[in-house]
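User: Please look closely at the enclosed space in this model and at the surroundings from which it is built. A single connected account would be preferred to a list.

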Amino acid sequence: MKKKNIMNNESAKGRHIGLPLRWMTMMMAALAFTACSNDDDTLTAEQEITLTTPVIQLSGVQASTRAVQDMADVASGALVSLYLHDSEAREYNQNRAGNYVLNDPNSWRVNESVTVTGGEGHYRAGVFANISLNATADMSEIRDAVYAYRGSVNVKADGTFTPDGTLQPHSAAVLLNLKDADGNAIYPDGTDATSGKENWNVYLIKPVGLAHMNGFVPTDADGQYFPNGTADPVPNANTWPAYYLSTANGNYTPGTYPATWENNVLVTSAVPGSAWPLFEVTYCKDGFKLSDDTSDYVPLGTATTWTVRYPREQQLTLEAGKLYTFTAALGADAYISIKASDVSISDWIEGETINVGR
C-alpha cells in the first residue's frame, strides 16, 4: 500500500508537474540567453573608453640635446585635435572629434572628449597639433609649430591614446633678429634706452612677404581638411597680423617666395627683378594698442617703420620643419636689404624621436 502510494505520487508528478518542467526548461534557456545578453551589455559598457590624454611623438625636435625626454623638457604648451575615422574615406565627424590643451607641462585639459566603444586597441584616426617648443642650446624657442599625422591611434584603458607613428612638422619657423644702428642686438626682453620699456613693448613686426599657416585647406578630391580625408595635405596660407617682437613663430606656410595666396593657397611668383619685402618693423617709444575697429596694433605716439627686403633676383624657400633666422640692422634708411648670408637655416627635427605626454 505504501509502495502504491509512492507510485501514485510519482505518477502524479508526471501528470501534473511534467508540463511545468517543460516550461521551466524553456524559461531556463531564455534566462540563460538573457544572462548572456546582459553579460554582453556589461562587457560593451566596460569597453567604452573616454579619451583624455594624448601621448604624442614628435619627429626629432633636436632630441639629442635633451637629457630628459618628458613634456616639461620639450614643450611649453600644445593644442591637440583628435579625429576618429569611421571608414577608409576618413570623413570628419564632429561627434568623433576631441580637443586637448596643454598649459601645464604636467597635465592636459580636455575641451571636448571623444569615446570609443571597442575597448583597448588601435583605431583609425588623424591628429592635428600646434606645439610650442622650448629652446635648447642649439635652437630658439618656437611657438605654434604645426604638426599632423594620419593613420591610427593606440587606445589604453586609462584614456591615453598614442598615434602609431610620429607627428611630422608641416610648417616652417621664422625668427627675426634685430640690431640697432651700432650693431647691438635688440632682444625682446631687453630694455629700450629711450623709453625704459622692454623692447617687445616698443617694436612691432608684420610679415608682409611671407604667409601665415592656419592649418590646411580642403582638397577638391574629398572636401576634407587634412588629417581628415585621403588627399595629400595643402597648407592654408593667410596674411600675417602684426605681432610684438618675440621669439620664433613656427606657423609659417612652407613654399617658395615671393608668392601670392589667393583663396588661401600659396602660389609662387616669378623671380623678382627687384628687392622684395619680407617684414615691416615699427618702433614707437610709447608702445602700441590694439585698435577696436581694425584689430591691428596702432602706435600711441610718433612711430618709425622700416621695410626689410630680400635680394633682387633671388627666391626664398621655406621648408617644413626648419627654422629660418633673419638678421636686420635698423638704421637711418627706411628700406633694409638683407643679404642671403643674413639668413641662417637650421633643422628643428634633427635627432631622435621625443615622446610628449605624461
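Analyst: A strand here is a DSSP run of type E with at least two residues, and strands are numbered from the N terminus. By that definition Thr53 belongs to strand S2, which covers residues 53–54. The model is a predicted one, and every value below is computed from it.

The setting comes first. The chain contains 30 strands and 3 helices. Of its 358 residues, 43% are buried. Among contacts with a separation of 6 or more, 70% are made by residues 24 or more positions apart.

Two strand residues show what burial looks like at the level of a single side chain. Thr53 has a relative accessible area of 12%, and because the cut-off for burial is under 20%, Thr53 counts as buried. The side chain of Thr53 is joined to that of Thr52 by a polar contact of 3.1 Å. Ser132, in strand S8 (residues 121–133), also has a relative accessible area of 12% and is therefore buried. A polar atom of the Ser132 side chain lies 3.3 Å from the backbone nitrogen of Asp144. With residues up to four places away in sequence left aside, Ser132 touches Val74, Ala75, Ser76 and Gly77 on the one hand, and Ile142, Arg143 and Asp144 on the other.

The enclosed space itself is the next topic. Rolling a probe the size of a water molecule over the atoms shows where empty space is left. Across the whole structure the search returns 1 cavity of 30 Å³ or more. The largest cavity holds about 50 Å³ of space. Its lining consists of Val174, Leu175, Leu176, Ile205, Tyr243, Leu245, Ser246, Thr247, Ala248 and Asn249. Two strands, S12 (172–179) and S18 (248–252), each provide at least two of the lining residues. The greatest share comes from S12, with 3 residues. Sorted by class, the lining has 7 nonpolar and 3 polar residues, and no charged ones.

Strand S12 appears again in an open space. The second largest pocket, with a volume of about 200 Å³, is lined by 13 residues, and those nearest its centre are Leu175, Asn177, Ile186, Tyr187 and Pro188. Leu175 thus figures in the lining of the largest cavity and in that of this pocket. S12 and strand S13 (185–186) each contribute at least two residues to the pocket lining, and S12 gives the most, with 5 residues. By class the lining of the second largest pocket has 8 nonpolar, 4 polar and 1 charged residues.

The largest pocket contains about 250 Å³ of space. It is lined by 15 residues, and the closest to its centre are Asp180, Ile186, Asp192, Ala193 and Tyr203. Ile186 is therefore listed for the largest pocket and for the second largest pocket. The largest pocket has 8 nonpolar, 4 polar and 3 charged residues in its lining, whereas the lining of the largest cavity has no charged residues.

Aromatic packing completes the picture. A pair of aromatic rings is described by the distance of the centres and the angle of the planes. The structure holds 12 aromatic pairs. In one of them, Tyr83 and Tyr92, the ring centres are 5.9 Å apart and the planes stand at 70 degrees; since an angle over 60 degrees counts as edge-to-face, the pair is of that kind. The two partners differ in burial: Tyr83, at 17% relative accessible area, is buried, while Tyr92, at 44%, is partly exposed.

Another edge-to-face pair is made by Tyr244 and Phe288, with 6.3 Å from centre to centre and 65 degrees between the planes. This pair links distant parts of the chain, since Tyr244 lies in strand S17 (residues 243–244) and Phe288 in strand S23 (residues 288–290), 44 residues apart. Both Tyr244 and Phe288 are buried. Together with Trp200 and Tyr297, these two residues form one aromatic cluster. The cavity lining includes Tyr243 and Leu245, the residues on either side of Tyr244 in the numbering.

Terms used. Predicted model: local features only at pLDDT ≥ 70, side-chain atom pairs only at ≥ 80, totals over all residues. Heavy atoms only, no water. Phe/Tyr/Trp six-rings, centres within 6.5 Å; stacked < 30°, edge-to-face > 60°. Buried < 20%, exposed > 50% of the residue type's maximum accessible area, 1.4 Å probe, protein only. Helix = DSSP H or I, 4+ residues; strand = E, 2+ residues; numbered from the N terminus. Polar contact = N/O pair within 3.5 Å; in protein donor to acceptor, adjacent residues only side chain to side chain. Contact = heavy atoms within 4.5 Å. 1 Å grid on protein atoms, 1.4 Å probe; cavity = no way out; pocket = protein on both sides within 12 Å on 5 of 7 lines; lining within 4 Å. Points joined across faces, edges and corners; volume = space filled by probe spheres on them. Nonpolar A, V, L, I, M, F, W, Y, C, P; charged D, E, K, R; others polar.
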